[in-house]
Amino acid sequence: MPRQHEAFPWERAMALGLGLLRLRSADFWMMTPRELAAALQPLTGGDPAEAMPRHELDRLMQQFPDGA
């Protein structure tokens with residue numbers, strides 16, 4: 001049975017990037033999820049390197065490839 005993948009939380013990411021951080025739309029869309037996590041680090045108190053485990057990033061990269 002194929003495993004269901006959760007969709008990337010775009011609504012939450014946009015709310016944090018555009019609303020909380022007040023990024024310009026163009027700047028938000030040029031960021032990687034890791035960069036967004038690092039930008040949010042002062043507000044969350046977390047370690048940006050621990051924001052997303054490598055295996056989770058690999059899974060997202062496979063699920064949502066950039067395309068050539």
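Is Arg59 buried or exposed? In this predicted model, Arg59 comes out as buried, because its relative accessibility is just 17% and anything under 20% goes into the buried class. The residue is found in helix H4, which covers residues 54–63. Its side chain isn't without a partner, either: the side chain of Arg59 makes a polar contact with the side chain of Glu56, at 2.6 Å.

Arg59 has some company in H4. The buried residues of this helix are Leu57, Arg59 and Leu60. Looking down the axis of H4, these buried residues fall within an arc of 160 degrees, so they line one face of the helix. What do the buried residues of H4 pack against? Their neighbour here is helix H3, residues 33–44. Over on the face of H4 turned away from the buried side, things look rather different in kind: that face carries the exposed residues Arg54, His55 and Gln62.

Now for the aromatic rings. How many aromatic pairs does the structure hold? The count is 3. One of them brings together Trp10 and Trp29, with 5.4 Å from centre to centre and 40 degrees between the planes, and this pair is tilted. The tilted label follows because the angle of 40 degrees is neither under 30 degrees, as in stacked rings, nor over 60, as in edge-to-face ones. This pair also links distant parts of the chain: Trp10 sits in helix H1 (residues 10–20) and Trp29 in helix H2 (residues 25–30), 19 residues apart.

Trp29 takes part in another pair, this time with Phe28. Their ring centres are 4.8 Å apart and their planes stand at 80 degrees, so the pair is edge-to-face. Put together, ring pairs link Phe8, Trp10, Phe28 and Trp29 into a cluster.

How buried or exposed are members of this cluster? Phe28 counts as buried, because its relative accessibility is 5%. Trp10, at 40% relative accessibility, counts as partly exposed. Trp29 is partly exposed as well, with a relative accessible area of 46%. Both tryptophans get that label because their values, 40% for Trp10 and 46% for Trp29, lie between the 20% and 50% limits. The edge-to-face pair of Phe28 and Trp29 therefore joins a buried residue, Phe28, to a partly exposed one, Trp29.

Methods:
Residues numbered from 1 in each chain as written. Predicted model: local features only at pLDDT ≥ 70, side-chain atom pairs only at ≥ 80, totals over all residues. Heavy atoms only, no water. Phe/Tyr/Trp six-rings, centres within 6.5 Å; stacked < 30°, edge-to-face > 60°. Helix = DSSP H or I, 4+ residues; strand = E, 2+ residues; numbered from the N terminus. Buried < 20%, exposed > 50% of the residue type's maximum accessible area, 1.4 Å probe, protein only. Polar contact = N/O pair within 3.5 Å; in protein donor to acceptor, adjacent residues only side chain to side chain. Arc of directions from axis to C-beta. Contact = heavy atoms within 4.5 Å.
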